[in-house]
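Here is a friendly walk through one protein chain, from its open space to its rings and its packed interior. Keep the 3D view at hand and follow along.

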Amino acid sequence: FQDPSLLSNGLGLFENGRKMRQLLREAVAQKGPTFWLGRELDLIQEGLEGGALVALPYRIAHKPVGAFALLAPLRIDYKELLSVILPFIERVGEVL
């Protein structure tokens, strides 16, 4: 993050248990990654217009049981991010 306020505001979102549970529930309901980008993310947590939140559900025995969320700058290479994170998510499901 080049903008420290973006990181600070993003951490504020992660500290808000109610908002994070809501976002992660939405992600678990999806079959793949869920994205909140720019203004959409700023509506959830003020000060995050330049950021992105990516949530990815993980499954145990093909049943969605949770999700991981990543905060990133809006202009991140999403293809590269997913190429690293998706195998990790699959592995978590296998191990659990």
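A pocket here is an open set of grid points with protein on both sides within 12 Å along at least five of seven lines. The model you are looking at is predicted.

**The largest pocket**

With that definition in hand, the largest pocket has a volume of about 240 Å³. Its lining is made of 15 residues, and P57, Y58, R59, I89 and E90 are the closest to its centre. Which elements each supply at least two residues of this lining? They are β2 and α4. By residue class, the lining of the largest pocket divides into eight nonpolar, three polar and four charged residues.

**Aromatic pairs**

A pair of aromatic rings is described by the distance of the centres and the angle of the planes. The count of such pairs in this model comes to three. Two of them are set out here.

| Pair | Centre to centre | Angle between planes | Geometry |
|---|---|---|---|
| F35 and Y78 | 5.9 Å | 80° | edge-to-face |
| Y58 and F68 | 5.2 Å | 40° | tilted |

Take F35 and Y78 to begin with. F35 sits in strand β1 (residues 34-37) and Y78 in helix α4 (residues 78-95), so this pair ties together parts that are 43 residues apart in sequence. Both rings belong to partly exposed residues: the relative accessible area is 30% for F35 and 22% for Y78.

The pair of Y58 and F68 also links distant parts of the chain, with Y58 in strand β2 (residues 51-60) and F68 in strand β3 (residues 63-73), 10 residues apart. Are these two residues buried or partly exposed? Y58 has a relative accessible area of 18%, so Y58 falls under the 20% cut-off and counts as buried. F68, at 29%, is partly exposed. Ring pairs also bring in F88, linking Y58, F68 and F88 into a cluster.

**Nonpolar cores**

Now turn to the packed interior. The largest nonpolar core holds 13 residues, and L13, L23, W36, L41 and L53 have the most contacts inside it. The elements α1 (4-15), α2 (17-29), β2 and β3 each supply at least two residues of this core. What does W36 touch, once residues up to four places away in sequence are set aside? The list is L23, E26, L41, I44, G51, A52, L53 and A55.

Apart from the largest core lies another one, of eight residues, with L56, Y58, L82 and V92 among them. Y58 will be familiar by now: this residue is also one of those closest to the centre of the largest pocket.

**Two buried residues to look up**

T34 is found in strand β1 and counts as buried at 12% relative accessibility. Leaving aside neighbours within four places in sequence, T34 is in contact with E26, A27, L53, V54 and A55. Some of these names, including E26, L53 and A55, also appear among the residues that W36 touches.

I85 is found in helix α4, where this residue is buried with a relative accessible area of 16%. Beyond its neighbours within four places in sequence, I85 is in contact with L56 and L70. L56 is one of the residues of the eight-residue core. For a sense of distance across the model, the C-alpha atoms of I85 and Q2 are separated by 22 Å, and these residues are 83 residues apart along the chain.

Definitions and conventions: Residues numbered from 1 in each chain as written. Predicted model: local features only at pLDDT ≥ 70, side-chain atom pairs only at ≥ 80, totals over all residues. Heavy atoms only, no water. Phe/Tyr/Trp six-rings, centres within 6.5 Å; stacked < 30°, edge-to-face > 60°. Helix = DSSP H or I, 4+ residues; strand = E, 2+ residues; numbered from the N terminus. Buried < 20%, exposed > 50% of the residue type's maximum accessible area, 1.4 Å probe, protein only. 1 Å grid on protein atoms, 1.4 Å probe; cavity = no way out; pocket = protein on both sides within 12 Å on 5 of 7 lines; lining within 4 Å. Points joined across faces, edges and corners; volume = space filled by probe spheres on them. Nonpolar A, V, L, I, M, F, W, Y, C, P; charged D, E, K, R; others polar. Contact = heavy atoms within 4.5 Å. Core = buried A, V, L, I, M, F, W, Y, C linked by side-chain atoms within 4.5 Å.
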